[in-house]
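Reader: Hello! I am new to this structure and would like a close look at a single part, with the terms explained as we go. Could you walk me through one?

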Amino acid sequence: MSIDKKTVERIAHLARIELDDIEKDKLGKDLSAILKFVGKLNEVDTKNVEPMTGGTALENVLRDDKQIDKDLQGKSAELIGAAPEKKDGWVKVKAVFE
Amino acid sequence: MNLNELTIKQASDGLRKKQFSVKELVSDCLLAIKEKDRDIHSYLKVFEDALADARKADEMLAERSKQPLLFGIPLAIKDNILISGQKCTAGSKILENYTASYDASVIRKLKNHGAIFLGKTNLDEFAMGSSTENSAFGPSKNPHDLSRVPGGSSGGSAAAVAADLCLGALGSDTGGSIRQPASFCGVVGLKPTYGSVSRHGLIAMASSLDQIGPMTKTVEDAAMIFEAIAGDDDFDSTASKIERGKNEFEVPENLRGWKIGVPKEYFISGLDERVEKIVKSVVAKLEKAGAEIKEISLPHSEYALPTYYIVVPSEVSANLARFDGIRYGYREESGRDLFEVYSKSRAEGFGSEVKRRIMLGTYALSAGYYDAYYLKAQKVRRLIREDFERAFEKVDIIVGPTTPTPAFKFGERGDDPLKMYLADIYTVAVNLAGVPAISMPTGWVEEGGKKLPIGLQLISKWFEEKKLLGAAAAAEKVIK
């Protein structure tokens, strides 16, 4: 599987990462090489094999819908403070609609 | 002997017998860091107030001699684990100025057990790498040979333990990030069963594989830290509630009755002859100590790396979507609209390996490719797990090399991601299957006038850490 420049640009758009031309070239080559490497998985017969999702055999871990985390109690100013741009206790973002 | 050279067990006994104070112990560590870490660069941040914590601990000890398990023990913490009020960078420029607002559950547990934190250790950016060369803040060096990498991603923690710049450390392991650097630096590193230790407050890389674990000078020390951090947690629903019983550490007298499996797939081309020789001689010693050695097969071994390099980037691309230049971390100011704020902040904030994995994962999960890559990899992952299930019907412990070679030189593998990935060929299957494994020092090879450590990996069944640590401690005795 070879990844051309157009595909690199499409993925970069989906991933929200701006790339320069040198990076696009390098990533096209790297991703093609890695995909060729993982293509080895096609040798494995996986008919009737259930996919393994997650790392455990646990199912539906439930708890009461109550607040249990007190670590962040009273820390709203600190959490907002971590944002690069804020105003009057709110996180500031660029306009969503043009 | 300086106090920083003690094991956790020795220091713990010494403190209780009042042979020295916590302050003296912590001072010796801080002094050693000052002397040696300019060359090694294992720490990203050293906590100067560790001395104040030590003084407080000494007052507590004066009042009451009975104290918790890790009382007064100075530890180093990998910088992807949150400590409230301290910076946590994950080795990335995007989090260079991020301060944690809460303690990771493992930190809360270590505090409850009386541990003292010396600082935060270096890592490959977001724990992606096998050498610390991907750290945005410069690599750490291998204390045994400064021209070589300490391994990664927990390379800072491994180097700090190896150079006696702490008594023990926490690392995290997604595909070998505790065991591979432990092997390269000649220390002990335990990757617990997935679900043994809470991941709450660990900056996520691949959530179905990540696990926090101890890095120490001895197997017994690893058992002590594991005892302190293991167990369920309200904040991580995958942290298992299973009854683990008393985890008390015991060294078996001999290995009579133990069945030890040696996978034939682990002794293939690519394995350094010297490593092979050392591992085989240890296996012979284990047999002499009473163990029954069996050749076993893990037939899907060769598919572990390709599976890993689909599962991990896919989970990475989802987990790292949160770094958007809006809520925390680095923001590139020149973005004109929302899209550009995202794409420019991420372009500037992330390093090349992180970008590579996000791109690969985004591709593998994108419309039209999901079945061919992610779903296929998840199915092969099931087969890899089943290999271990079948193997553990026949044996108690599986042994083999931790890494195919000793520590490599800086720059040797930097340009070729696939070459770098091969450093993890024996470790990734363990994370995919979820089983626990430990790497321990087992011998040395000489290269360029320097002695380089070689690691032995032991693997056990899910949630059988007690047995695993016992077997490792027995092996430790046999190797000596």
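**From a loop to the sheet of chain B**

Author: Lys18(B) makes a good starting point: it is exposed, because just 10 other C-beta atoms lie within 10 Å. A residue is called exposed with 12 or fewer other C-beta atoms within 10 Å of its own, buried with 20 or more and partly exposed in between, the C-beta atoms being placed from the backbone. The model is a predicted one, in which local features need pLDDT of at least 70 and side-chain atom pairs count only at pLDDT 80 or more, while totals for chains, interfaces and linings use all residues. Residues are numbered from 1 along each chain as its sequence is written, and chains are lettered from A and ligands numbered from 1 in the order in which they are written.

Lys18(B) sits in the loop between α1 (8-16) and α2 of chain B. Helices (H or I, at least four residues) and strands (E, at least two) are DSSP runs, numbered from the N terminus. Lys18(B) has a positive phi of about 60° although it is not a glycine. Most residues other than glycine have a negative phi, and most peptide bonds are trans.

Following the chain into helix α2 (residues 22-40) of chain B, we meet Cys29(B). Cys29(B) is buried, because 27 other C-beta atoms lie within 10 Å. Leaving aside residues up to four places away in sequence, Cys29(B) touches Asn4(B), Pro74(B), Leu118(B), Leu165(B) and Cys166(B); such a contact means C-beta atoms, placed from the backbone, within 7 Å. Leu118(B) is 89 residues away from Cys29(B) along the chain, with 8.1 Å between their C-alpha atoms.

Now to the sheet itself. It is an open one of 11 strands in chain B, with mixed pairing and the order β1-β3-β2-β4-β6-β5-β10-β11-β9-β7-β8. Its edge strands, each pairing on one side only, are β1 (43-46) and β8 (292-296) of chain B. Two strands count as paired if DSSP finds at least two bridges between them. Neighbouring strands here are turned by 30° against each other on average, direction ignored; the axes behind such angles are lines fitted to C-alpha atoms, for helices over the stretch in contact, and angles run from 0 to 180 degrees between N-to-C directions.

Let us begin at the β1(B) edge. Three bridges join β1(B) to strand β3 (residues 116-121) of chain B in the antiparallel sense, and Lys45(B) has Lys120(B) in β3(B) as its bridge partner. Across β1, β2 (74-78), β3, β4 (168-173) and β6 (211-216) of chain B lies helix α5 (residues 155-162) of chain B, which runs at about 155° to β4(B).

Two special spots flank this helix. In the loop between β3 and α5 of chain B lies Ser153(B), and the peptide bond from Gly152(B) to Ser153(B) is cis, with omega near 10°. In the loop between α5 and β4 of chain B lies Asp164(B), whose phi is near 60°, a positive value in a residue other than glycine. Asp164(B) is partly exposed, because 19 other C-beta atoms lie within 10 Å.

Further along the sheet order comes β11(B). Strand β10 (residues 437-447) of chain B pairs with β11(B) in the antiparallel sense over 10 bridges, and the two form a hairpin with two residues between them. In that turn, Gly448(B) has a positive phi of about 60°. Strand β9 (residues 397-401) of chain B also runs antiparallel to β11(B), joined by five bridges. Gln457(B) in β11(B) stands opposite Ser439(B) and also opposite Gly400(B). Nine of the 11 residues of β11 (residues 450-460) of chain B are buried, so this strand is largely enclosed by the rest of the structure.

What about the largest nonpolar core? It has 165 residues, and the members that touch the most others are Leu75(B), Cys166(B), Ile397(B), Leu458(B) and Ala472(B). A nonpolar core is a set of buried Ala, Val, Leu, Ile, Met, Phe, Trp, Tyr and Cys residues joined through C-beta atoms within 7 Å. Ala472(B) touches Val219(B), Ile438(B), Met440(B) and Leu458(B), again not counting residues up to four places away in sequence.

Stepping back, chain B has 15 helices and 11 strands, and buried residues make up 61% of its 480 residues.

Technical notes. Two residues are in contact if their C-beta atoms, placed from the backbone, lie within 7 Å.
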